[in-house]
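Welcome to a short set of exercises with worked solutions. Have your viewer ready and try each task before you read on.

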Amino acid sequence: MTRSSNDVIALIPAWNEGTRLGPVINHTLEHLRVLVVDDGSEDTTAQVALEAGAAVISHRENQGKGVALMTGFEWALAHDYDAVLTLDADGQHDPADIPKFLSAYANGSWDLIIGKRTFSEMPFPRCYTNPFGSWLLSKALGERIHDNQSGYRLHHRRLLDTLDLTTTGFELEVEVIIQAVCRDMRIGWVEIRTIYDVDKVSYFDPLKDSARFLGMVWKAWAERRSCSA
C-alpha cells in the first residue's frame, strides 16, 4: 500500500525558542502539517507557533524533551496520523531534508527512520563522543546504530503503538531505539545535513548526561538479553 505524506505530521518540541521557531515552522509547512509542543516556555514560543500556522499544545511547566515528545505522540495517534516526524525547534534540523524521510516512508519498509549526520563535521568534542556513543549502543543491541543522538526521525504508528517509555529527558530518544530493536521493528537511515552553527546555549551536562547515556547502554544490553532469552 502506498503511503501518503497526508498521513504524517511534523512534531516540534520547543522550550523558549520564540526567536528561532518561526522559520523552522514555515519551511516545515512546505512539506507537512506541524504540531508544536511548547514545554513550559517563558517567552513567545506558543504565540510564534500559532501565528506561523502550527497546532500548539502547551505544558504549564517545563517537563523535559522526552515528555514533550510523548505528549506529541499521544496527540498524533489520537488524531489518526500514521506517522510522526520529529525535528528540533532551533534550526539544527534542516526542513529541506524532510522529502528524504517521506521517500523512505513511502516505500513502506521502515518502522523508524533516523537522520544520519556526518560526525566529522561536528565540533569538538561531539565529533568523538557521538560516534563512540553510537558504537557502544550498537554493541549493546547487536545492531548497527549509525547515529543514536539524532532527534530528526520519522516514527511509524506501528512503533508508536508499542512504545512503553519511562525516561523524560533527551535519553528518551535512545530508549526509543532500544525498544524498536527489542520489538523487531525495522530501522532505516537517511543522510541529513550536520548543522551546529545555530546561536544557542547548550544544556548538555557532560557528567550527568554521559552517566545517563551509559545507563541507557546498560539498559539496552539487559533488554537485548531479555528479548533473546
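Just after H4, Gly108 adopts a positive phi of about 80°. Keep in mind throughout that the model is predicted.

**Exercise 1. The sides of a helix**

Task: List the buried residues of H4, work out how they are arranged around the axis, and find what covers them.

Solution.
Step 1. Ile98, Phe101, Leu102, Ala104 and Tyr105 are the buried residues of H4.
Step 2. Around the axis they cover an arc of only 160°, so they sit on the same side of H4.
Step 3. The cover over these buried residues includes E1, helix H1 (21-28), E4, E5, E6 and E7.

**Exercise 2. A strand and its partners**

Task: Which strands pair with E4, and in which sense, parallel or antiparallel? Then sort the side chains of E4 by direction.

Solution.
Step 1. Take strand E1 (residues 8-14): E1 and E4 pair in the parallel sense, over 4 bridges. Within this pairing, Leu11 has Thr86 of E4 as its bridge partner.
Step 2. Now take strand E6 (residues 153-156): E6 and E4 run antiparallel and are joined by 4 bridges. Here Ala83 stands opposite His156 of E6.
Step 3. For the directions, recall that in a regular strand the side chains alternate between the two faces of the sheet. In E4, Ala83 and Leu85 point one way, while Val84 and Thr86 point the other way.
Step 4. Check the burial on each side: all of these residues are buried.

**Exercise 3. Salt bridges along the chain**

Task: How many salt bridges does the model have? For the pairs Arg193 with Asp94, Asp97 with Lys100, and Arg186 with Asp111, describe the geometry and the burial of each partner.

Solution.
Step 1. The count comes to 11 salt bridges.
Step 2. In one of them, the side chains of Arg193 and Asp94 meet at 3.1 Å, N to O. Arg193 lies in the loop between strand E7 (187-191) and helix H8 (206-228), and Asp94 in the loop between strand E4 (83-86) and helix H4 (98-106), so this pair ties together parts that are 99 residues apart in sequence.
Step 3. For burial, the cut-off to use is under 20% relative accessible area for buried and over 50% for exposed, with partly exposed in between. Arg193, at 48%, is therefore partly exposed, and Asp94, at 17%, is buried.
Step 4. The side chains of Asp97 and Lys100 form a salt bridge at 3.3 Å, N to O. Asp97 is buried because its relative accessible area is 5%, whereas Lys100 is partly exposed at 38%.
Step 5. In the salt bridge of Arg186 with Asp111, the closest N and O atoms are 3.5 Å apart. This pair links distant parts of the chain, 75 residues apart: Arg186 is in the loop between helix H7 (172-182) and E7, and Asp111 is in the loop between H4 and strand E5 (112-116).
Step 6. Arg186 is partly exposed, with a relative accessible area of 39%, while Asp111 is buried at 2%.
Step 7. There is also a network: salt bridges that share partners join Lys65, Asp88 and Glu173.

**Exercise 4. The surroundings of a lysine**

Task: Is Lys65 buried or exposed, and what does Lys65 touch?

Solution.
Step 1. Locate Lys65 in helix H3 (residues 65-78).
Step 2. Its relative accessibility is 16%, so Lys65 counts as buried.
Step 3. Beyond its neighbours within four places in sequence, Lys65 is in contact with Pro13, Asp39, Asp88, Thr168, Gly169, Phe170 and Glu173.
Step 4. Look at Asp88 in that list: the side chains of Lys65 and Asp88 make a polar contact at 3.1 Å.

**Exercise 5. A glutamate in a loop**

Task: Where does Glu61 lie, and which residues is Glu61 in contact with?

Solution.
Step 1. Glu61 is found in the loop between strand E3 (55-59) and H3.
Step 2. With 61% relative accessibility, Glu61 counts as exposed.
Step 3. Setting aside neighbours within four places in sequence, Glu61 is in contact with Asp39 and Gly40.

**Exercise 6. Ring geometry**

Task: How many aromatic pairs does the structure hold, and what is the geometry of Phe124 and Tyr128?

Solution.
Step 1. A search of the whole structure gives 5 aromatic pairs.
Step 2. Phe124 and Tyr128 form an edge-to-face pair, 6.0 Å centre to centre with 75° between the planes.
Step 3. Finish with burial: both Phe124 and Tyr128 are exposed.

Note on methods: Residues numbered from 1 in each chain as written. Predicted model: local features only at pLDDT ≥ 70, side-chain atom pairs only at ≥ 80, totals over all residues. Heavy atoms only, no water. Helix = DSSP H or I, 4+ residues; strand = E, 2+ residues; numbered from the N terminus. Buried < 20%, exposed > 50% of the residue type's maximum accessible area, 1.4 Å probe, protein only. Polar contact = N/O pair within 3.5 Å; in protein donor to acceptor, adjacent residues only side chain to side chain. Contact = heavy atoms within 4.5 Å. Salt bridge = Lys/Arg side-chain N within 4 Å of Asp/Glu carboxyl O. Pairing = 2+ DSSP bridges. Arc of directions from axis to C-beta. Phe/Tyr/Trp six-rings, centres within 6.5 Å; stacked < 30°, edge-to-face > 60°.
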